Amino acid sequence: MIGLGRFGASLAKELIQLGYEVLGIDKDEEAVDELSDKLTHVVVADSTDEEVLRSLGIRNFDCVVVAIGDDIQASILTTILLKDIGVNNVVTKALSELHGKVLEKIGVDRVIFPERDMGIRVAHQLVSPNLLDYIELSKEYTIAELSVPRCLAGKTLRELDPRHRFGCSVVAINKKNNVVIAPTAEDTVEERDVMVLIGTKQQIDHFEHALI
Ligand code: ADP
């Protein structure tokens, strides 16, 4: 993890929680000290220095994340160096669409836009109070998790009938103690169950609004 600001630190700590080994690199000693007992290794270093990267054996890592914040120049230089050295999987955080385009041109494997994506996600959740999370399968299709409001408690899927009314299907119901995969028309939903739906964004939106 290169750059241990808020985003890099949070990502690195979560990877440790998931059981992975993480080397954290930052040029700021304070940022490094903060994580010294939380990550597998930490190093104070400037990632725009090729010799430093080589001496850390950066080529042997499965993935390198460049989570440098405001310094676009350092982010681009670091990314180029990593690809030149031969790192297989480089993921870089971009601050703007243009920054992202530059990163793609220099051969980064994946660009992430945490602020932009989180903004979009929170906007969806604000306008759809029952929407817990969603994944865009394609431009058209989405999988969404909707929490079941009290007014629907005890209803069967036959009564809700999302497929005929809105065109989207319930593929699972996540209950407190079990998950009902591919539920039948007779399965019921209870308050706070989570329905997992598949359909177009518009179909899921219509269903969600009919729930409120
Ligand atoms: P965030 O928005 O995630 O908090 P920040 O800009 O605060 O982002 O953090 C980015 C981190 O990247 C900072 O801790 C900074 O010291 C570090 N950083 C910036 N440039 C370099 C560099 N060339 N080498 C190593 N670390 C760097």
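In this predicted model, G24 sits opposite V42, a residue of strand β2. The pair belongs to a parallel arrangement in which strand β1 (residues 23-26) and strand β2 (residues 41-44) are linked by four bridges. To get from β1 to β2, the chain passes through helix α2 (residues 29-35), and the resulting β-α-β crossover is right-handed.

Strand β1 also turns up around the ligand. The ligand is surrounded by 21 residues, and the closest of them are G3, G5, R6, F7 and G69. Two elements, α1 (6-17) and β1, give two or more residues to this shell. The largest share comes from α1, with three residues. Sorted by class, the shell is made up of eight nonpolar, six polar and seven charged residues.

Next comes a three-stranded sheet. It is open, its strands follow the order β3-β4-β5, and the pairing is parallel. The edge positions go to β3 (64-66) and β5 (110-112); each has a single partner strand, so one side of each has no neighbour in the sheet. From one strand to the next, the twist averages 20°. Looking at one of the pairings in detail, β3 and strand β4 (residues 90-93) run parallel and are joined by three bridges. Here V64 has V90 of β4 as its bridge partner.

Another open sheet has five strands, ordered β6-β7-β10-β8-β9, and this time the pairing is antiparallel. At its edges stand β6 (131-136) and β9, and because each has a single partner strand, one side of each is left without a neighbour in the sheet. The twist in this sheet averages 20° from one strand to the next.

Starting from the β6 edge, five bridges hold β6 and strand β7 (residues 141-147) together in the antiparallel sense. Within this pairing, E136 faces T142 of β7. Further along the sheet, strand β8 (residues 169-174) runs antiparallel to strand β10 (residues 194-200), and the two are joined by five bridges. Strand β8 is also antiparallel to strand β9 (residues 179-181), this time over three bridges. The link between β8 and β9 along the chain is a hairpin of four residues.

I173 is a handy place to see how these strands line up. Towards β10, I173 has M195 as its bridge partner, while in β9 the residue opposite I173 is V180. The sheet also has a helix packed against part of it: helix α9 (residues 201-211) lies across β6, β7 and β10, and runs at about 140° to β10.

The loops around this sheet have some details of their own. The loop between β9 and β10 holds two residues with unusual backbone angles, A182 and R192. As background, most residues other than glycine have a negative phi. A182, though, is not a glycine and has a positive phi of about 45°. R192 likewise has a positive phi, near 75°, without being a glycine. How open are these two spots? A182 has 10 other C-beta atoms within 10 Å and is therefore exposed. For R192 the count is 13 other C-beta atoms within 10 Å, so R192 is partly exposed.

Another loop residue worth a look is T156, found between β7 and α7 (157-160). It has 14 C-beta neighbours inside 10 Å, so T156 counts as partly exposed. Which residues does T156 touch, apart from its neighbours within four places in sequence? The contacts are with A185, E186, D187 and T188. The link to E186 spans a fair stretch of chain: T156 and E186 are 30 residues apart in sequence, yet their C-alpha atoms are 5.5 Å apart in space.

Technical notes. Residues are numbered from 1 along each chain as its sequence is written. This is a predicted model: local features need pLDDT of at least 70, side-chain atom pairs count only at pLDDT 80 or more; totals for chains, interfaces and linings use all residues. Two strands pair if DSSP finds at least two bridges between them. A crossover is right-handed if, with the strands pointing away from the viewer, the path from the first strand over the helix to the second runs clockwise. A residue is near a molecule or strand if its C-beta atom, placed from the backbone, lies within 6 Å of it. Ala, Val, Leu, Ile, Met, Phe, Trp, Tyr, Cys and Pro count as nonpolar, Asp, Glu, Lys and Arg as charged, and the others, Gly among them, as polar. Axes are lines fitted to C-alpha atoms, for helices over the stretch in contact, and angles run from 0 to 180 degrees between N-to-C directions. Two residues are in contact if their C-beta atoms, placed from the backbone, lie within 7 Å. A residue is buried if 20 or more other C-beta atoms lie within 10 Å of its own, exposed if 12 or fewer, and partly exposed in between; C-beta atoms are placed from the backbone.
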